[in-house]
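Me: Hi! Could you walk me through this one? I'd like to start with how exposure is judged.

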Amino acid sequence: MRHKCRDHVVGGLVVTLLTVPASLTALALRTWPTARTLALGASLLLAGTASP
């Protein structure tokens, strides 16, 4: 039997671990022009969803 409390903790950790690289990327690219950042983000999103 699984404990629901553990499931919530794991879900919270997953969300936290996904926000850390996102915030570091935003910090690293804050000086880039908006158009360049959007082009990079769209390209990576397309590549990520197209890969098997």
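Reply: Happy to! A residue counts as buried under 20% relative accessible area, as exposed over 50%, and as partly exposed in between. Keep in mind that this is a predicted model.

Me: Good. So is Leu-17 buried or exposed?

Reply: Leu-17 has 60% relative accessibility, so it counts as exposed. You'll find Leu-17 in helix H1, which covers residues 4-28.

Me: And which residues form a nonpolar patch with Leu-17?

Reply: Val-9 and Leu-13 do. Together with Leu-17 they offer about 300 Å² of accessible area on the surface.

Me: Switching topic: how many helices and strands does the chain have?

Reply: Two helices and zero strands. The second helix, H2, takes in 34-50, and Trp-32 sits in the loop between H1 and H2.

Me: What does Trp-32 contact, apart from its neighbours within four places in sequence?

Reply: Thr-37 and Leu-40. Trp-32 has a relative accessible area of 28%, so it counts as partly exposed.

Me: Nice. What about the overall shape, what's the radius of gyration?

Reply: The chain has 16 Å, while a compact globule of 52 residues would have a value near 10 Å. The C-alpha trace spans about 50 × 30 × 10 Å along its principal axes.

Me: Last one: what share of the residues counts as buried?

Reply: Just 2% of the 52 residues. As for the accessible surface, the chain has about 4800 Å², and 72% of that belongs to carbon and sulfur atoms.

Terms used: Residues numbered from 1 in each chain as written. Predicted model: local features only at pLDDT ≥ 70, side-chain atom pairs only at ≥ 80, totals over all residues. Heavy atoms only, no water. Patch = residues over 30% accessible without salt bridge, like charges linked within 9 Å, V, L, I, M, F, W, Y side chains within 5 Å. Areas by Shrake-Rupley, 256 points an atom, 1.4 Å probe, with all protein chains shown as cover. Salt bridge = Lys/Arg side-chain N within 4 Å of Asp/Glu carboxyl O. Helix = DSSP H or I, 4+ residues; strand = E, 2+ residues; numbered from the N terminus. Buried < 20%, exposed > 50% of the residue type's maximum accessible area, 1.4 Å probe, protein only. Rg over C-alpha atoms; globule rule 2.2 N^0.38 Å. Contact = heavy atoms within 4.5 Å.
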